Structures are given as C-alpha cells and as structure tokens.
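Reader: Hi! I have a model open at the bench and could use a walk through it. Could you show me the structure and take my questions as they come?

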Amino acid sequence: MKDESSDWSSLKAEWRAGTPEDAALGARLRASLTWRIWASRTWFVSELVSFVLLGLIIVQKFAVGETFVGGWLSALAAVCVAGFVWARRARHIGATGSVPGMIDLSLGRARQGLRIVYGSYLVIAMLLVLALREAEWPLDGDDRFLARIAWLAMSAATAIVYHLVTLSRLQRFESLQRLYRGRQS
Amino acid sequence: MNPKSEFDDLVREHQSMIARICASYESDRELSRELMQEVLFAIWRALPAHRGESSLKTFVARIAQFRAISHVAKHSRLPVEETIDDSLLDARAPPDAEAIAVEERARLFAAVRRLPLTYREPAVLLLEDLTPAEIAGVLGITPDLVAVRLSRARALLRSFFGARNEG
C-alpha cells in the first residue's frame, strides 16, 4: 500500500509539473470567452425585449377589440416565458453534487426539452389554424397572411433543429447514464 | 466579491488543472482547447449557484469531469486506445533533462488516456490532488470503490509503462 501511495506521489509530481499547453493559453481562452459571455448576455436582453414587444402587441390587440387573437398571443407568450425561465435554470446543473447527478439532471432536462418541442409543434399548428382562419381568400395580395406563414415556417424550422439537437443530447446522456449505472459496484 | 473578478481569479488559479483534465480526455489539441472553453463557460454559468458545499477546486473539477465525459460521449470515443500524442511534445523541445521530462509527461498523459473511463476518472482526480473522499463525492461512489479503482488504475499504468519500456 505504501509502495502504491509513493507511486502516486511520484506520478502526481510529474503530472502537475506542467500543463500540456503553453501558459498563455488560459489568458487567450479567457479573452475569447469574454465574447461568448457577452453574446449570452445580449441573447438574454434580446429575449427580454421580445417579451416586452410581444406584451405591447397583446395589449394593442385587446385594445382594438381583437380579443381572440390577443388570447392566442397571450397563450403563446405564457409558453415562451415558461421556456425562458426553464432554460435559465440550466446553470444549476453545474452546481449539482456529483457527475452521475449531473448526468441524471441533464437527461431529465433533455426529456423536458423534448416535451417543450412537442408543445411548440402544437402551438405552431394552432397558430397555423388561426392564420388560415383569418386569411382573406383568395390569398392574392394578403401580405399579412404571407408574413404569418413565413414566421411560422421559421418557428417550425427552429423547433425541428432544437428537436434534433435534443434527441442527440438525450441519446448521449442515456448512454452515459447506462455506463455509470453499470459500474456503480 | 465581484462575480467577474471571482470568475477571473478562479480561472487563473485552476486553468492548469482544467487544461490537464481536458488533455486527459482529448488528445487532439484543437478539440482539447474547445473542450476547455466549454468547461470555462460552464463554470461561468454555474458559479452563481455555488453555495460552498464543496471547495472551489472540487466544484471546478466536477464540472470539468462532467464536460469531459460528455465531450467524449459526443464524439463517440468512449474509452479508446491511445498512442503517444506528439502534440503534447513541445515543438520547440528544450534540451537534455528538460526534454526528457517533457517526453515523460507526454507519456504519462498518453498512458492516462489509455485507461478505461472507470479508472481514468478517479486517477485524474487523484493526480489533481483531490482526496479519496472528494473523488467519491464527485463520482457518486463510495470511498472503498474509489480505492479499488485507483489500485487497478495504478496496476494498468504500471503495465503500460512496463510494456513501453520493454518495447
């Protein structure tokens, strides 16, 4: 046992004698991280601004008596706010007690993410029905309808991309969870 | 303390450990840097939630470990056989004793990367000077199991070095 601990001591000394990268790497990475941190903050602010704009549109819809559309948009805003709050809670993953705990939490979040995607598909489908219901037929020159369809197509494309990313995350964390569960003894 | 300065201090203090943990899971230099940036970003995000239940070093090591295995799983390279990674050898190789030390260190990293994940995790954390109790906490296993895995890791490392010396 003593031999083993002295083995580890000499390995530790060798291991920690230097890093495989040059000393300036940390400073360079820290600098590039600054951009990422600001991008994250900018995204956060843009999400808040979007909610304010969405709120103003909802108020305007109710003010002009379009209560049906206002109601739909309120439901959409509620889903988006829930998703926003949920996404912001992701940072707590890092503070979870152990690596298996982090895997379990990530897996749980990936499953919730999938449910959010399915919810998004439902909201998009409902908005499509609403857009079709309010369209002025024939569609010649109905720019409002075309704008709505373009926006819905963009939302659907985003949801599909997020769906694929989430599925990939789910598979990855499921394989890690199996790996960890298989060697807990 | 200002969160920005707390994060900067933490990066300064632990960047070597993060770099070593990343290098013990990723031999490609560019991917290792990418992984290191992922780890730093994850630490930045998680830092406000750190309540001091564990030391900052353990907190950083845990996040680095999680990101590293997640990175390895993403690239579908769970545990792989490694040869010595030349990128770990400084291109501007210093002479004599120092050159030998650099080469030995590169061999150690390559040997650690050859360990199956089960043994690599506790070995890397021990090499980073975490106690067996801290390693048990990070990996969610008992200290006894940590001791068993470390013993096997050491035996494997010996056999790797032995085989290399014989070769």
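**Chain A and its partner**

Author: Happy to! Read along the sequence, chain A runs α-α-α-α-α. Please keep in mind that this is a predicted model.

Reader: Thanks. How many helices and strands does chain A have, then?

Author: Chain A has five helices and zero strands.

Reader: And how much of chain A counts as buried?

Author: Of its 185 residues, 14% count as buried. As for contacts in chain A with a separation of 6 or more, 61% of them come from residues 24 or more positions apart.

Reader: Let's look at one pair. At what angle do α4(A) and α5(A) pack?

Author: They pack at about 160°, and their axes are 8 Å apart. The two helices are therefore roughly antiparallel to each other, since an angle over 145 degrees counts that way.

Reader: Left-handed or right-handed crossing?

Author: The crossing of α4(A) and α5(A) is left-handed. Sorted by class, their contact has 21 nonpolar, seven polar and five charged residues.

Reader: I clicked on Ala131(A). Where is that?

Author: Ala131(A) is found in helix α4 of chain A, which covers residues 99-134. It counts as partly exposed because it has 17 C-beta neighbours inside 10 Å.

Reader: What does Ala131(A) touch, leaving out residues up to four places away in sequence?

Author: Without those, Ala131(A) touches Phe145(A), Arg148(A), Ile149(A) and Leu152(A). As for Ala147(A), it is 16 residues from Ala131(A) in sequence, and the C-alpha to C-alpha distance between the two is 10.0 Å.

Reader: Switching to the two chains together: how many residues does each one bring to the contact?

Author: Chain B puts in 44 residues and chain A puts in 36 residues.

Reader: Which helices of chain B supply at least two residues each?

Author: On the side of chain B that touches chain A, those are α1 (3-23), α2 (29-46), α3, α4 (96-114), α5 (117-127), α6 (132-139) and α7 (143-166). The largest share there comes from α2(B), with ten residues. By class, that side of chain B has 25 nonpolar, ten polar and nine charged residues.

Reader: Can we zoom in on one helix pair across the chains? How do α5(A) and α3(B) pack?

Author: Sure! Helix α5 of chain A (residues 143-181) and helix α3 of chain B (residues 56-74) pack at an angle of about 115°, with axes 10 Å apart. They are therefore roughly perpendicular to each other. The crossing in which α5(A) passes α3(B) is right-handed.

Reader: Which residues make that contact?

Author: From α5(A) there are Arg172(A), Ser175(A) and Leu176(A), and from α3(B) there are Ile69(B), Ser70(B), Ala73(B) and Lys74(B). The residues of this contact divide into three nonpolar, two polar and two charged.

Reader: Last topic, the largest nonpolar core. Which residues touch the most other members?

Author: Those are Cys22(B) and Val39(B), in a core of 56 residues. The helix that gives the most to this core is α3(B), with ten residues.

Reader: What is Cys22(B) in contact with, apart from neighbours within four places in sequence?

Author: With those neighbours left aside, Cys22(B) is in contact with Ser32(B), Leu35(B), Met36(B), Val39(B), Ala64(B) and Ala68(B). So Val39(B) appears in that list and also shares the top spot in the core with Cys22(B).

Reader: Lovely, thanks for the tour!

Terms used
Residues are numbered from 1 along each chain as its sequence is written. Chains are lettered from A and ligands numbered from 1 in the order in which they are written. This is a predicted model: local features need pLDDT of at least 70, side-chain atom pairs count only at pLDDT 80 or more; totals for chains, interfaces and linings use all residues. Axes are lines fitted to C-alpha atoms, for helices over the stretch in contact, and angles run from 0 to 180 degrees between N-to-C directions. Helices (H or I, at least four residues) and strands (E, at least two) are DSSP runs, numbered from the N terminus. Angles under 35 degrees count as roughly parallel, over 145 as roughly antiparallel, 65 to 115 as roughly perpendicular and the rest as oblique. A crossing is left-handed if the near helix is turned anticlockwise from the far one by less than a right angle, and right-handed if clockwise. Two residues are in contact if their C-beta atoms, placed from the backbone, lie within 7 Å. Ala, Val, Leu, Ile, Met, Phe, Trp, Tyr, Cys and Pro count as nonpolar, Asp, Glu, Lys and Arg as charged, and the others, Gly among them, as polar. A residue is buried if 20 or more other C-beta atoms lie within 10 Å of its own, exposed if 12 or fewer, and partly exposed in between; C-beta atoms are placed from the backbone. A nonpolar core is a set of buried Ala, Val, Leu, Ile, Met, Phe, Trp, Tyr and Cys residues joined through C-beta atoms within 7 Å.
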